[in-house]
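Open the model in your viewer and keep the sequence panel beside it. The stops below tell you what to select and what is there.

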Amino acid sequence: MTELGIKELKKIMLSLMFPFIFIILILLITMSAFSATTADEVSSVRGILATEEGQRMYEEVWKQPIMDVYELTNVNLPLAWFIIPSCMIDDPFSIEYERAKMIVMLAVDENNGTYKQTTVEKYAERIVKESEFEDIESQRIVDIIEENLDVGNITTIGNVPKDLKEYRKLNLSLPVKTWSQIGEIGMYNPFGEWRMHYGMDIACPTGTPLYAAADARVEQVSYSDSGGNGLILRNGTLVMVYYHMRELSFKKPGDIVYAGELVGFSGSTGRVTGPHLHFETWSTDASTIGAAYAIKKQIYFNPRIVWDFD
């Protein structure tokens, strides 16, 4: 090969290398940005979930495995147990689905086909034996989780209804048929203060028809400063709460409604950032709605485990 040919070949090789090097640099910068952000916020579950990286990590790595393990075991697992250790490693996004599911299962003890949540100490001891987390001290994981007990037990599932199987057998309907997006249950901060958000925010234009989500009795039709125009339906231990309706429902307490029956229209009444239906679901045998509301933290659950919003 002539000297000129060799020079031309070198030029071609260099031109091909530059895009590859550029891509590698971008990946390194992205990973460094994630590590820097989460390192500062690793002691705060709220801080982690407030970052785009934290939210993406939950959505892409842990959400489906946690939900699938719940379906298998009926064990309600704290999201913090997976979010916090993930922020202590270089690249949590490298954990693929099957691997993530196996890690989630480390939080569960099994005895003759019965499952229960293990202790945080046992979970920490187990997870640091896995290759992704082997450089982390188990006690550090325990300490940070215990520092977050006020929010660390929040999960996307909420409480596991004891009558879950019975709910799935009911005549069901989605409370709204069309929407632009859904804000999930969990911690949120739309007004400058972190607080638990116990329901789904289903974004839809004002005037969108709302339907009974199951055969039920109308328990309450009322207005509140935060919830705006509200409607509460009940079928046994299953309670369905609608907030921010355009006007009070034309249904009256004591009325019987059937799944898919029109009960009102969406709006933006109460404390909101835009029109939507706030849809909460509770599982309780409390004799009154007031008594149930007082213990909402212990009775709420994610509507997705009963209704299919996909």
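**Stop 1: Asp-255**

Select Asp-255, which is partly exposed at a relative accessible area of 29%. That value puts Asp-255 in the middle class, because buried means under 20% and exposed means over 50%. Keep in mind that this is a predicted model. Asp-255 sits in the loop between β10 and β11 (256-257).

Now add Val-218. Asp-255 and Val-218 lie 37 residues apart in sequence, yet their C-alpha atoms are 5.3 Å apart in space. What else does Asp-255 contact, leaving aside neighbours within four places in sequence? Show Ala-216 and Arg-217 along with Val-218, and the set is complete.

**Stop 2: the whole chain**

Zoom out and colour by secondary structure. The chain has 11 helices and 14 strands. Of its 310 residues, 45% count as buried. Switch on the surface: the accessible area is about 16000 Å², and carbon and sulfur atoms hold 53% of that. Contacts reach far along the sequence. Among contacts with a separation of 6 or more, 68% join residues 24 or more positions apart.

**Stop 3: His-244**

Select strand β10 (residues 238-245) and pick out His-244 within it. Is His-244 buried or exposed? His-244 counts as buried, with a relative accessibility of 5%. Check the backbone too. Phi of His-244 is near 70°, a positive value in a residue other than glycine.

Keep His-244 displayed, as it returns at the next two stops.

**Stop 4: Gly-227**

Go to the loop between β8 (216-224) and β9 (228-235) and select Gly-227. Gly-227 is buried, at 4% relative accessibility. Leave out neighbours within four places in sequence, and Gly-227 contacts Tyr-243, His-244, Thr-269 and Gly-270.

Draw a distance from Gly-227 to Val-272, C-alpha to C-alpha. The two are 45 residues apart along the chain, and the separation is 8.4 Å.

**Stop 5: Ser-266**

Move to the loop between β12 (262-265) and β13 (276-283), where you will find Ser-266. Ser-266 has a relative accessible area of 1%, so it counts as buried.

Which residues surround Ser-266, leaving aside neighbours within four places in sequence? Show one run of contacts first: Cys-204, Pro-205, Thr-206, Gly-207 and Thr-208 are among them. Then add Leu-210, and finally His-244, Met-245 and Arg-246. His-244 is thus in contact with Ser-266 and also with Gly-227.

**Stop 6: a negative patch**

Turn to the surface and select Glu-121, Glu-125, Asp-143, Glu-146 and Glu-147. These residues gather in a patch of negative charge. Which elements give two or more residues to the negative patch? They are α6 (120-127) and α7 (138-147). Helix α7 provides the largest share, 3 residues.

Pick Asp-143, which lies in helix α7. At 33% relative accessibility, Asp-143 counts as partly exposed.

**Stop 7: Asn-112**

Finish at the loop between β1 (108-111) and β2 (114-117), and select Asn-112. Here phi is positive again in a residue other than glycine: for Asn-112 the angle is near 55°. Is Asn-112 buried or exposed? Asn-112 counts as exposed, at 75% relative accessibility. Set Asn-112 beside His-244: the former is exposed, while the latter is buried.

Technical notes. Residues numbered from 1 in each chain as written. Predicted model: local features only at pLDDT ≥ 70, side-chain atom pairs only at ≥ 80, totals over all residues. Heavy atoms only, no water. Helix = DSSP H or I, 4+ residues; strand = E, 2+ residues; numbered from the N terminus. Buried < 20%, exposed > 50% of the residue type's maximum accessible area, 1.4 Å probe, protein only. Contact = heavy atoms within 4.5 Å. Patch = residues over 30% accessible without salt bridge, like charges linked within 9 Å, V, L, I, M, F, W, Y side chains within 5 Å. Areas by Shrake-Rupley, 256 points an atom, 1.4 Å probe, with all protein chains shown as cover. Salt bridge = Lys/Arg side-chain N within 4 Å of Asp/Glu carboxyl O. Lys, Arg positive; Asp, Glu negative; His and termini not counted. Charge placed at Lys NZ, Arg CZ, Asp CG, Glu CD.
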